[in-house]
Amino acid sequence: MNGRSQIRMLVLTSLALQAFLLFVAGIRKRNVSAVLGLLLWLAYLLADSIAIYALAYPPSPGVLGTVPPPPPWRPGHHHRLLHRGQRALEATPPQPHLSVALAVYVFSKSRPGADILAPAVLMFLSGIVKYGERTWALKCASMDNLRSSMVTTPDPGPNYAKFMEEYRFTREAGLQAEIVIEPERRAEVAAGDIAEESVPYATVVTDGARFFVIFRRLFVNLILSFQDRTRSRATFLRLTPEKAYKVIEIELSLMYDTLHSKAAVIHTWYGRLSRCLTLLSTSTACLLFNVLDKGKDQSYDRVDVRITNVLFLGALCLEVCAIGMMLISYWTYATLQGCNCRSLSSLIFRSIQYFRPESRAKWSNQMAQHNLISFCILDKPTMLTKALSLLGLKTHWDSWLYIRHIAVSPELKILVFRELKDKTVSIIDAESYRKFSNHRGQWALQCKGYYRELGWSVEVEFDESILLWHLATDLCFHSDTDDDKPETKIAQNVEMSRAISNYMLFLLVARPFMLTAGIGQIRFGDTCVEAKNFFGREMAQPPDESAAAKMVLDVNAEIAPRDVKGDRSKSVLFDACRLARALLELQPRKRWRVIRVVWVEMLCYAANKCRSNFHAKQLSGGGELLTVVWFLMAHLGVGEQYRIEAGHARAKLVVDKN
């Protein structure tokens, strides 16, 4: 294969990669697959590397040492500029200024003939516009820029100095003056007075776009007011759980677009104008090349002419698809609704219903699962694992081998919604909201009446509580006899409790940055080592999970392990045994109800304490249940982001003239 054939292949490959990125990159917000993430990352790197190499590749010598005319697609280096970064920005972008400078240099050196100069210039300018759009989108998506764009206008409040001066002058004049504070009228929502209703999809989209403007501030650590809480609660308390989660999904989808795509640019008047201009420029260049230039077949190789037309066709298709994606979006629908363009918004909404149906989840709707007992039984030392440990890859190997994903069941979503809603009903003031968000099992145990017996397990560090309750949940599950599991209600509680338990352990092991600071990974490692040693010492063959749980429960743990072993090892294996025994004394129905509510409270605590930038980071990896719960809590008025608990005081100066 000669040099020109190589360049032809490289240019077509670059076009194919850009088409792949345009249509596949957006799937990341609904997919947790590491393979898809790797493919997208490689596609970004290859698309840029191939295009840069194609730009810089010198033309091969022709007959008698002369240089043949450059192919018609070579002066149009716009194809590389135009195609790159059509839609997503998930990967670390290269320096666009360097790429543009290289393209300008090669364009000037290629000296395109007069027959293709006009199409080349038009397409080159389209590429420059695309690069400008991409650079501006990167700037708009930065956290610092987002934060500065959302900061409200400074508010000095009422003129205190002037008011007090009038008060002093009145007193000095010998008049009786009194300052009266009028209490502010606050329209609080009584949850018991609102019946839940299933609203149509159009209302869900409208509410999602409306609340997104307010609650996107959570991602940049800005505060919300009690008015925001009141309006949000008024909406969410009347929604069914299914519709409430749909509103949150749309909000998070819009946030994904803001952070990881060009949405912040293309859904503005200048963004839409640039899309129209690049489409018009590309169409005009294609028309000039194919209609006005009749002698190109004699001047250039026919294969090069065909490749140029393929590039034109690819550019036009990508432009049309990008404009279609821009139009059939929640952004466009919300904009048209705000402008009262009912006919157009109705048309856009019908398209959204077809291409983005309500039934399709806007995130992965999956939760990862990791189980400590199962891991300790299956993880055996081999030559491979030893080599991976030396290379520092054992953790990644364990994640790939032992962590699985399951769908978040509708029952689990409803459970979290009901628990949060029931607790917010009992909250009467702002201080209670903050206290509730800081509970990680205490409130649940107090309400159920078991705090005296079990409270010690939730008063330790949070990572230790997770391990204690994870192991205790498994020990209780494997200890239940068949007679204990006949009822559907108990089975549902068991399934949901184990799902949350395994998910929280996954966060502790694989996403420790999403939890509060602690030594969770050290505790997990020490507990695993003690469990492996215990299982290996007691039985020659590795036990199954039920047998392993029975072995642990058979140990006499009436004395706290820390009093016997000391505090050097952070293992909680037999502390969990003590907790499990206390839980096993309860009736199965009560036992699993307690376990269920404790796990929901721990999940909510973890969601509230996770830093906002980590919530934002996970949006491009399929999303996390933790982020969905965090947003649900905020909409129901729970969280530390509500710092404005009252408006301006209405003070009156009352003067007694008598």
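**View 1. Glu133 and Lys262, a salt bridge in the predicted model.** Here the side chains of Glu133 and Lys262 come together in a salt bridge, at 3.3 Å from N to O. Glu133 belongs to helix 5 (residues 114–140), while Lys262 sits in the loop between helix 10 (241–260) and helix 11 (263–266), so this contact ties together parts that are 129 residues apart in sequence. Are the two partners buried or exposed? Both Glu133 and Lys262 are buried. For context, a search of the whole structure turns up 25 salt bridges, and the Glu133–Lys262 pair is shown here with its N to O distance of 3.3 Å.

**View 2. Glu419 meets Arg596.** In this salt bridge the closest N and O atoms are 3.5 Å apart. Glu419 comes from helix 20 (residues 410–425) and Arg596 from helix 30 (residues 588–609), so the pair links parts that are 177 residues apart in sequence. How accessible are the two ends? Glu419 has a relative accessible area of 12%, so it counts as buried. Arg596 is buried as well, because its relative accessible area is 11%.

**View 3. Arg562 and Glu464, and the network around them.** Now for a pair with one foot on the outside: Arg562 is partly exposed, at 44% relative accessibility, whereas Glu464, at 6%, is buried. Their salt bridge has its closest N and O atoms 3.4 Å apart. Which parts of the chain does the pair tie together? Arg562 is in helix 28 (residues 561–565) and Glu464 is in helix 24 (residues 462–479), so the bridge connects parts that are 98 residues apart in sequence. The story doesn't stop at two residues, though: salt bridges with shared partners join Glu461, Asp463, Glu464, Arg523 and Arg562 into one network.

**View 4. A nonpolar patch on the surface.** After the charged pairs, here's something greasier. Which residues make up this patch? They are Leu38, Trp41, Leu42, Leu45 and Leu46, and together they have about 450 Å² of accessible area. Take Leu38 as an example: this residue is found in helix 2 (residues 34–56). Leu38 has a relative accessible area of 46%, which means that it counts as partly exposed. That value also clears the bar for patch membership, because patches are made of residues with over 30% relative accessible area.

Methods
Residues numbered from 1 in each chain as written. Predicted model: local features only at pLDDT ≥ 70, side-chain atom pairs only at ≥ 80, totals over all residues. Heavy atoms only, no water. Patch = residues over 30% accessible without salt bridge, like charges linked within 9 Å, V, L, I, M, F, W, Y side chains within 5 Å. Areas by Shrake-Rupley, 256 points an atom, 1.4 Å probe, with all protein chains shown as cover. Salt bridge = Lys/Arg side-chain N within 4 Å of Asp/Glu carboxyl O. Helix = DSSP H or I, 4+ residues; strand = E, 2+ residues; numbered from the N terminus. Buried < 20%, exposed > 50% of the residue type's maximum accessible area, 1.4 Å probe, protein only.
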